[in-house]
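Subject: Handover of a structure for your study

Dear colleague,

Please find below the sequence and structure that I am handing over to you. I would ask you to keep the structure open while you read the notes that come after it.

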Amino acid sequence: MADVRTLPDAETAPEAPPSPTHATIRREDYRPPDWLVPEIALNFTLGIERTRVQSKLSVMRNPAASGGALLRLNGDDLKPLGVWVDGQTSDAWEMDGGDLVVTLDGDAHEVAIETEINPAANSKLMGLYASNGMLCTQCEAEGFRRITFFPDRPDVLSKYRVRMEADEAKFPILLTNGNPIATGKLDGGLHWAEWEDPFPKPSYLFALVAGDLKANRDSFTTMSGRKVDLAIWVREADLPKTQHAMGSLKASMDWDERVYGREYDLDLFNIVAVSDFNMGAMENKGLNIFNSAYVLADPDTATDVDFDNISRVVAHEYFHNWSGDRVTCRDWFQLSLKEGFTVFRDQGFSADMGSAAVKRIEDVRILRMVQFPEDSGPLAHPVRPDSYIEISNFYTATVYNKGAELIRMFRTVLGPEKFRAGTDLYFERHDGQAATCDDFVKSLEDASGVDLSAFKIWYSQAGTPQIGARLDYDPDAGTATLLLDQRVAPTPGQPSKQTMPIPLRTALIGEESGTEIAPEQLVMVDGLSREVQFEGLKEAPLLSINRGFSAPVVIHGSRRDGELERLAQTDTDPFARYEAMQELAFTALLDGARGEQPDFEPLIRAVRNTLQSNELDPAFKAEAILLPQEAVVAERLEVVDPDAIHAAREQLRAALGMALFDELSKAQSAVSGSGADLSPLAKGTRRLRTVSLGLIAGGNPAEGARLAKAQFDAADNMTDRQGALGILVSLDGPERADALKAFHDRFENDPLVIDKWFALQAAAQRPGTLDEVERLASHPAFTIQNPNRLRALGGSFGANHWVFNDASGRGYRFLADLVIAADKINPQIAARLVPPLGRWRRFEPKRSELMREQLERVANSRGLSRDVYEQASKSLV
Ligand code: ZN
């Protein structure tokens, strides 16, 4: 029997010590705001280096709060040029840190403030900043306080009226939330526009854009027959690359009506693409602002994955209009209320637009690659965190992706109809409000009549549950007993854990017949252990468990020889079938990494079967034969030796590549449609082509290089081209340098493609990569000012398990240097580079020590931001 229960305990460390300068914010300290701001009027006099902001707030005491006379207006890096109360200059105010605190004696006042900011100097890209000659904003989570003084918290909702004035030649387009109500021209080449947003919103949803932009315009007629004008704003030269985003937007609007009954509510929906952006995109009411990477695409410069990401992110931000904007969050601890739910919604959209099975596999792959390590490391936190130092650090895979898994479990337990009734009630009940995760669950409960209280622990308890599963079969009696148990390892601040309700879609597959001999049922593990009996079995049963990945857990199954191989061939659930393939690969990889001689044959046979199957589509085949990433293998080992893991994976690739050369070559040369064909079949064929190429290169590097170069040269699309180059960068020989140069020279003027050029090289699996990455950091096209470029090099390098964890420690030093340098420019992005350095506890002693040293160097560097301080200090304990 192969027992794969190999996972070590997570770090059992306590929480990080408090910082003298960076305060911890706690969920339990939440108090309603003392003052409300029903209305705000903003007047911007815009300039790249100087923007004047006049703000007029109508404030009233919150009847639901017990607060006093002090109105606290948050500010970050702002100086008030003047403060007026009810039209009179006031000096009844003082600064408290960055905040402006005004003393008011009545219950309702008008408070006016003037500030001046320098968008060109704003390298943090939070608040109002300059990018490529345009002006734009990013206010979530706490960026509005860098524009003007305001109660910058999501439970203060205001109606916005905004006037913008600017040089018409430089900024012909002026946009903000809501609808335009008036425009005009002034002397000196100036023009102005006034807009109004009828929907009260928190400050984090405010947005403004000014620049020389052109629109791809279209329209959508809503289910009640209202025509909505749609526009995607980009620089003129990029207009031809906006078609896919526009198609995705219309498909999203239609899908949200059909699947959630949600209709768009303004007459106008704008999207703007910006090339300097901290995250993927932002759901500002009526004016979504996007990282250009999630808007611009054509087949020559964007891969199929890029196209899919654009659809996903466009949908995600659009869906926020209801799950985020119409119903927002009471406080930032509730972030998953909008993000987990909205990720769940965009996953459903993508599943409906393509193959649901493949989409599920992709989502779980990401979850395992990013969220599982987070959940077992020093930065582990619950889906609804209890405390933070810097909220930007909590836009995590746990809040987003595990949060989405939680919503999926609710739907699994309730069934689709009751779940939909629940979301209908949630939107109706909390429309216009700032709600909590508890409010969401309550709506599901009230609409369905189902008690979900036991599930709430998924919001508060961190860590990935580990499930032991064993099926005992009694052939004489024709019965089987399924024995399940659960365990959650300690996480920082949570030394002991409670049991969790774990819904496992489970079936039995007949070993001979390959059919379901016990139909699928939902097995709930809600205590430490659980037993399930099966009767009337006429053949040996194979356990098909956590089908569709119904719970975000790790299953440690005891499997007989041959069991996984048979399941990989027959399981009636596509996800479980994929899972059997993965487990087969894991068995070989873990044996190899532990220095045992693995048996490659079962996986070779399973991959051959998969490739030769007439019933499976190419996209599924590609996922099924893709070997687990080294970092994911590392997660399953007690002590990580990256060289051993790498060697084991290379050995397995070689074995597969040699044994299956003919089958892989056939898949690598298969063609379906042109490079512009985005049908699932064409995309799947391309994906399988490059995955096959990777295995061929593993078995025969010289032949792999030849084939890859041929694929590269012949490519009429970026998917094949990038796929080939991604193989070539890890190989030696002349093809590598030739292809890299050709790629660079051809796309030199396309920043999104040059990002790929950096990322591919930083991900290369060869010993020279360290030198190369250091060289790339001083390449003229490299800059830490641009988040996409910084991520392309630093993010990809940190994810390159084998090279980053080089025994010399050079990789650690390089990343630490990058973090320290980037922190002075853009703390949010710098902090996102830290997590790979926090894995030191898992590694063999030499690397562990070297990694820790670099982490300490980061934590001790002077003038550290809150962002990096939090990530580095929490990673040290
Ligand atoms: Zn979101």
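The notes below set out what was found, beginning with the domains and going on to the sheets and some backbone details.

Please bear in mind throughout that this is a predicted model.

**Domains**

The domain assignment divides the protein chain into domain 1 (1–30 + 755–877), domain 2 (34–296), domain 3 (327–460) and domain 4 (471–558). Domain 1 is thus written as two stretches of the chain, 1–30 and 755–877.

How far apart are the centres of domain 1 and domain 3? Taken over C-alpha atoms, the separation is 27 Å. To their contact, domain 1 contributes 24 residues and domain 3 contributes 20 residues. About 2,100 Å² of area is buried between domain 1 and domain 3, and carbon and sulfur atoms account for 49% of this. On the side of domain 1, the residues that lose the most area to domain 3 are Arg27, Tyr30 and Glu870, which together make up 32% of what that side buries.

Charged and polar groups also meet here. Between domain 1 and domain 3 there are 2 salt bridges. Glu390 forms a salt bridge with Arg866, with 2.8 Å between the closest N and O atoms. In addition, 12 residue pairs are in polar contact between domain 1 and domain 3, counting pairs with both residues at pLDDT 80 or more. Strand E2 (25–26), helix H25 (827–832) and helix H27 (866–876) are the elements that give two or more residues to the side of domain 1 that touches domain 3. Of these, H27 gives the most, with 7 residues.

**The sheet of three strands**

It may help to recall a general point first. Strands of a sheet pair through backbone hydrogen bonds, in either a parallel or an antiparallel manner.

An open sheet of 3 strands follows the order E29-E28-E31, and its pairing is antiparallel. Why is one side of strand E29 (516–525) and of strand E31 (541–545) left without a neighbour in the sheet? Both strands stand at the edges and have a single partner strand each, so one side of each has no neighbour there. From one strand to the next, the twist averages 20 degrees.

Strand E28 (residues 502–510) pairs with E31 over 5 bridges in the antiparallel sense, and Leu508 has Leu543 in E31 as its bridge partner. E28 also pairs with E29, again in the antiparallel sense, over 7 bridges. In that pairing, Ile502 stands opposite Val525 in E29. E28 and E29 form a hairpin with 5 residues between them, and Gly514 in the turn has a positive phi of about 70 degrees. Helix H9 (residues 563–570) lies across E28 and E31, at about 65 degrees to E31.

**The sheet of five strands**

Another open sheet has 5 strands in the order E18-E19-E20-E22-E21, with mixed pairing. Its edges are strand E18 (214–221) and strand E21 (281–282); each has a single partner strand, so one side of each is left without a neighbour in the sheet. Strand E19 (residues 227–234) and strand E20 (residues 268–274) pair in the parallel sense over 5 bridges, and the bridge partner of Leu230 in E20 is Phe269.

Two helices pack on this sheet. Helix H1 (residues 243–260) touches E18, E19 and E20, and its direction makes about 25 degrees with that of E18. Helix H2 (residues 304–319) touches E20, E21 and strand E22 (287–291), and its direction makes about 150 degrees with that of E22.

**Further strand pairs and backbone details**

Strand E16 (residues 190–201) pairs in the antiparallel sense with strand E13 (residues 158–167) over 9 bridges, where Val162 stands opposite Trp195. E16 also pairs in the antiparallel sense with strand E15 (residues 179–186) over 7 bridges, and Gly184 has Trp192 in E16 as its bridge partner. The hairpin of E15 and E16 has 3 residues between the strands, and Gly188 takes a positive phi near 75 degrees there.

Which peptide bond is cis? The bond joining Glu140 and Ala141 is cis, with omega about -5 degrees. Ala141 lies in the loop between strand E12 (134–138) and E13. Finally, Asp86 has a positive phi of about 50 degrees although it is not a glycine; Asp86 is in the loop between strand E6 (80–85) and strand E7 (88–89).

Yours sincerely

Note on methods:
Residues are numbered from 1 along each chain as its sequence is written. This is a predicted model: local features need pLDDT of at least 70, side-chain atom pairs count only at pLDDT 80 or more; totals for chains, interfaces and linings use all residues. Side-chain values use heavy atoms; hydrogens and water are left out. Two strands pair if DSSP finds at least two bridges between them. Helices (H or I, at least four residues) and strands (E, at least two) are DSSP runs, numbered from the N terminus. Axes are lines fitted to C-alpha atoms, for helices over the stretch in contact, and angles run from 0 to 180 degrees between N-to-C directions. Contact means heavy atoms within 4.5 Å. Domain bounds come from an automatic or database domain assignment. Buried area is the accessible area (1.4 Å probe) that two parts lose on being put together, summed over both. A salt bridge is a side-chain nitrogen of Lys or Arg within 4 Å of a carboxyl oxygen of Asp or Glu. A polar contact is a pair of N or O atoms within 3.5 Å; within protein, one must be able to donate a hydrogen and the other to accept it, and residues adjacent in sequence count only if both atoms are side-chain atoms.
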